[in-house]
Every structure is written in structure tokens, then in C-alpha cells.
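Here are some comments on how the parts of this assembly meet, set out as numbered points.

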Amino acid sequence: MFADYSMAELGAIFAMQGFAGLILFSVFVLMALGLAIIFGQMGVINMAHGEFMILGAYVTYLMSNLFADYMPALFSIYFFVAMILAFIASGLLGLFVEWAMIRHLYKRPLDTLLATWGLSLILQQTYRSVFGAREVGVSIPDWMMGSLPLTDLIEVPINGIFVMVLAVGISLAVYIMMFRSRWGKQVRAINQNRVMAGAVGINTEWTDRLTFGIGCGVAGVAGSAFTMIGSTGPTAGQLYIVDTFLVVVFGGAGSLLGTIASAFSISQAQSIMEFFLSGSMAKVLTLLVVVGILMIRPQGLFSLKLRK
Amino acid sequence: MSDDISDNKTNGVSRRAVLAGGTALTASLFMPKGLRAADFPTAEVNTTGLAVTDDTVTIGILHSITGTMAISETGSVQAEKLAIEQINAQGGILGRKIEYIQEDGASDWPTFAEKARKLLVNDKVASVMGCWTSASRKAVLPVFEQHNGFLYYPTFYEGLEESPNVIYTGQEATQQIIAGLDWVNQTKGAKTFYLLGSDYIWPRTSNKIARKHIENFMDGCKVVGEEYYPLGHTQFNSVINKIRLRKPDVIYAIVVGGSNVAFYKQLKAAGIDMTKEKPILLTISVTEDEIRGIGGENIDGAYACMKYFQSLENENNLAFVSAFKEMWGDDMVIGDVTQAAYLGPWLWKAAVEKAGSFDVDKVREASPGIELTSAPEGYVKVHENHHLWSKTRVGRAQADGQYEVVFETADLVEPDPFPEGYQ
């Protein structure tokens, strides 16, 4: 298939294809980080993760309209304000949901699956009632659309770079919070032994609530960023949920590093296969490989060393 | 409206007759024919026990109001209700007002079948305006054939179907595909095509027809790639790179749903500028409705092949667009399928009046040859095979979310749901 092309063209295509893989990787990391915190650290199977993301997307939509109407001069930077507000909105909703629902279910982790699935349906219908069934168009500042021509042949999408920078930034922030902060230490302590953590004076209730809230907030930021590359509608969250769980489970629940490694391997595999095979076939093969590896290694790529 | 009708039912025969006469009288002011319910006794126009009274006739509306398809089907429901309201304002059908029972298919195919059964068996509706996806139509088809219902189906679809119980008011695949491909070849000199679609029956069948046409009927043209992506796929960077590599003259895209938005945003971000000469993007899956989600600035310059665009400038359409906006709000947009849905109640009205009866068998017999000169898309006619003769048009997407019509076929295109040489 490559016979007709010059070396320069081939080089350019491989460079851009590598870049496509990296963008996909960043998207996966953004999707999965919030869930990795919630599912990995708390054991809550949050089926409403996608809907928390879409809340962030709708916040971005509202902000874009608000800025376009009242502060057109500042429109080019509204996205940053929107992302912060998306974090706050999804985070607050997360805190509320934890208080109203999740905390009653810690002893029955499988029930969280049903409860959060119900929550996702409620949220979807709420979005539909408030914003309408149709997808909304979020206008993105001009500087974020378009591409950066590196050479004559290689063009790099600017929103891809933006998503990559964001993914790195949020990963770092989560890493610092998890492993360098007092809260992170408490979360990990609770994860290892809830009763003992409570006994040494950690406020497990509050820590859980905050963890859930932060996980949802990160999802909100991801949703906000995805308005650049995807659709914003009541059910758009469903498009992401399967890939998100795939990444987290494959990486090994409880390991943030595993999540990142798994996002990298799945995204690279998928984007390379998509190039050589058809899109549907690439997806099938990716899933097959993941299932195969999980059969051999049920705990995922990385797992915490625990004495059992 | 439903209030005074129940009033009528509780009152004596004499008053009902007076009232019916009264409505018919006002109606006759509008209508030259002056169809009066009294001229069509219920016992004669309804011999099969349908929900027809002396002054009303009940039909069903069956679309998804909830779930993933709600985004697309809302417009159809709105158009159907508008048509019903306008018909009633003109005096109804055979002097009878149309009432409707609306059911929600909830984007779930078994639910569609169940609701169709409810409408036909319990409510005895005289006809049904409904369904959107092929999957939902396939699910209700056995129900309609078993209970002899009559369905008006609005969506452009893949063809390969011809049921005695369905009138297809949208285009079947050949009507939507062939004229567009010929146009892009003849006026733009396009020779190479890259076919792309979501992975299910409609894009696959359509692309199959497109490929056959390109390879067998267009001189020196070829397909340089064909790709399908799962429904809901949101990452198109790899395929965009593949398209760059193959450098097709035309990207022929049949991507649907949420994937659509992702595809066009990423295409633009990757620096593929559709306002330039090449590559040309030609789609059959993006109507004005979808552009609202995609954003006009992201699809500016793409071509779409449809039978209807909101921007059509004929009197019928200007009246239709302003009536639609008056009823549903100024910010509404009207896509191809919405217009096709609007035709349903009108075609049924014409068929019932031609048959002089609401009986499904007689309406079916009367349907072929029905003409509609008042259609927003212009003139349409029902074919023997229950599809519509209609024109094919090509529009170019503008940043404001509307299409500028750049081409229309000189004549009506004959519907051909089982095209020979394309199987």
C-alpha cells in the first residue's frame, strides 16, 4: 500500500499518525483519570461518569454563550474560565451525590453499579429537559481550532496539542494530590484498611466525599475539553463510558500509573490498527487483545502489592 | 380541541349533526370542494372498525421522544403536528377533524413494536406517522402487516423494501446517491472517491450502491478507500491521516449521530479546508438539523445531497418555513426528514379523499399516483412502489448553518428500491 508514495510523504504520514495516537492517548487519560480515582481508590463503580463529563461540557456551552453575549472581548480565553467552572460544577454535584446516595452503599459495592446507572439516566433526562434533546453547538475560540503546519506535509491540530497539555497537567495535579498531599495519604490509607484508618483518627466520611467530588470534578474538566473534539448532547456521555472502564480495568484498578500505561497501550494499538485495518475491525481486535490479557492477568497491568 | 369533541359525544345526535354541519360549513369557505362529513356517513367511509366518528378521525404518531434518537425524531413530530393542525384548519379530512394519539418509541426497537401494536389494536388508529431509523421500521413492519395498519415513514433510507402497509415519504438510496455522484463528477471533475460511514445497514448499503455506480457507470472514476466506524466512535484522526495519504477528490461521508460532530470538528482541526477546491466533502447524512450540533463554522463548504433544504425558494416552502417557525419557535431549523415527515399527513389526506374512505385497503389502492403540488420541496407523486418521485438536490453548507442550493435535477427522480445492477 505504500509503493506509490515518496519517502517524505511516508515520513509525514507516520509522524502525523504518531501524533494521532498521542492525542487519543491524552483523550483516554483525561476520560479515565476521574474514574480511576473513584473506582480505583473507593471501589465505586460509577456508571454516571460520562454524565459528569457532559455536565462539564454543558457548563462550557453556557460559558461560551455568556461570553459571546456579554464579554465578546474576552471570548478567546473563555475556555479556561469554563474549565474551572466545569470542575466546580461537576465536583459539587459529585459531593452531593456522594452524600445523598453513594455513602449508603459502601458496604454493597455492586449496588453502586445499579444506583449510579440509575443516576446516569436521571441526569440524561435532566439535560434533555433543560437543554433540549438536540446536540448543542459549542463555539470554540478561533485560535483553538485549525492546525499548525510544521512542514509542508505535516500538520498538527491545535486542539490536539491543547488536549495533550491538559492531560499532562491534570495527571501531574492528581499525582501530587495523591502522593504528596495529606489528603492523598488519607485516601490511600482508607483504601488499604478503612476500619484502621478510622481508628487512627482519619475522618473517613469526609475523605470519601472529597475523593468522589474530585473524581467527578476531573471528569467535568475532561468533558469541557471534549467539546473541542466531540459532541455535546444529553447522551454523549455514553460514548465515553465503555472506553473509560476499559482503560481503568485494563490498567489495574487502584493504580494511577496503570491507568496511564493502559491508556497509552490501548490508544497506540487502536490508532495503529485503525490505520491499517478498518475502524470497526480495529476496535474488535483491541477488545479481543484486552480480554485476552485480562484472562491471563485478571488484576490488570499494574496492581497494588497486597498481602492476601 | 379535544374538550369540545368529548362534549359532542355526550350530547344528543341532533346537536352533533348541527355542529358537524357547522364545521363543514366553515370548512367549505376554505375549500372549493366543500367536503362535508354529512356527505360521507361514517358507516360507509369506515367499514373496518377504525377510530372514525362522525366528526373526528384518530391517527397515531410514533416517534422517539426520549433516548438517543430523540435528537433526530423531534423535528418529525413537530412537522407532523403542524401538518395535522393545518389540515384541521382547512376542515379536516372528509369533514372530520384529525385527532392524534402520540406514543414514545423511546429509541428502543421492541418498544416501537409494542407501541405500534397498541395503536393498531387498542386505539384502532386509521394511519400512523412514525419511525425514523430502519431498525425501528423493521421492528414495526410485522405488526403493521399483521393488523393491516398504514404507516407513513419519513426518513431517507437504504431501500430494499416495499411493504403494502408503508408509504415511504423519504428518498430510497438510489434517489439520494446517484444524482449527487454524477453532479460532483460532471461539474467538479472528481475522479477518486473515499467512502466513509458509520457501521450499520444504511451507510453500508448506500456505499455499496455508490461504489457500484462509481465503478460501473462513471468513466475513469474509482474508489480509493472504504471505511466504517462503530456508531458513537469519536476519534477520527487515523482515518483523516489515511484520507490525506490517498488524496481523494471526494470524501463521501455517511457518518451519523454523535460521531458526526466529532468527525467534522476533527476534520477541520486537521487542516482539511472544505471551502477550497479539493478535497470535496459530499455527505448524505448531514441535514440542517445535524449542523446545529456540528457548528456551521466546522462544516462550512461541505456539500450535501438531499431532496429538500430549508433555503429552497419556492412559495410552498416559504409558507411552510414560516408556519413551522410560528408554531415551534424562531430558532428552529428544518432538515430533509422533517419536510418528508410533513408530507405524511397530506399524502394520507389526499389518498383518503381520492378513495372516499378511511379503510386501509381502499387508501392503499388509491395511494399510487397521488400528487402533491403543495409540498415544500415542490411537486411530488406517489409511485406504484409506495415511494415518492422527487427531485435530488445538492446544497453547500454555509457558516450560518444553512445550505445554499447549487444543483437540482431537471426532472423528478424515479424511486427504485430494488435497483438492478446495484445489488
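**Notes on the contacts of chain B**

1. In this predicted model, the C-alpha centres of domain 1 of chain B and domain 2 of chain B lie 33 Å apart. Domain 1 covers 2-171 + 314-389 and domain 2 covers 173-306 + 391-408, with bounds taken from an automatic or database domain assignment.

2. Between these domains, the contact (C-beta atoms, placed from the backbone, within 7 Å) draws on 17 residues from domain 1 of chain B and 15 residues from domain 2 of chain B. On the domain 1 side, helix 4 (70-89) and helix 14 (336-355) of chain B each supply at least two residues, and helix 14 gives the most, with 3 residues. Helices (H or I, at least four residues) and strands (E, at least two) are DSSP runs, numbered from the N terminus.

3. By class, that side of domain 1 of chain B has 6 nonpolar, 8 polar and 3 charged residues; here Ala, Val, Leu, Ile, Met, Phe, Trp, Tyr, Cys and Pro count as nonpolar, Asp, Glu, Lys and Arg as charged, and the others, Gly among them, as polar.

4. The contact between the chains takes 33 residues from chain B and 38 residues from chain A. Helix 4, strand 7 (222-229), helix 9 (237-246), helix 10 (258-269) and helix 11 (288-294) of chain B each supply at least two residues of the side that touches chain A, with the largest share, 7 residues, coming from helix 10. This side of chain B divides into 12 nonpolar, 15 polar and 6 charged residues.

5. On conventions, residues are numbered from 1 along each chain as its sequence is written, and chains are lettered from A and ligands numbered from 1 in the order in which they are written. Local features need pLDDT of at least 70 and side-chain atom pairs count only at pLDDT 80 or more, while totals for chains, interfaces and linings use all residues.

Terms used
Two residues are in contact if their C-beta atoms, placed from the backbone, lie within 7 Å.
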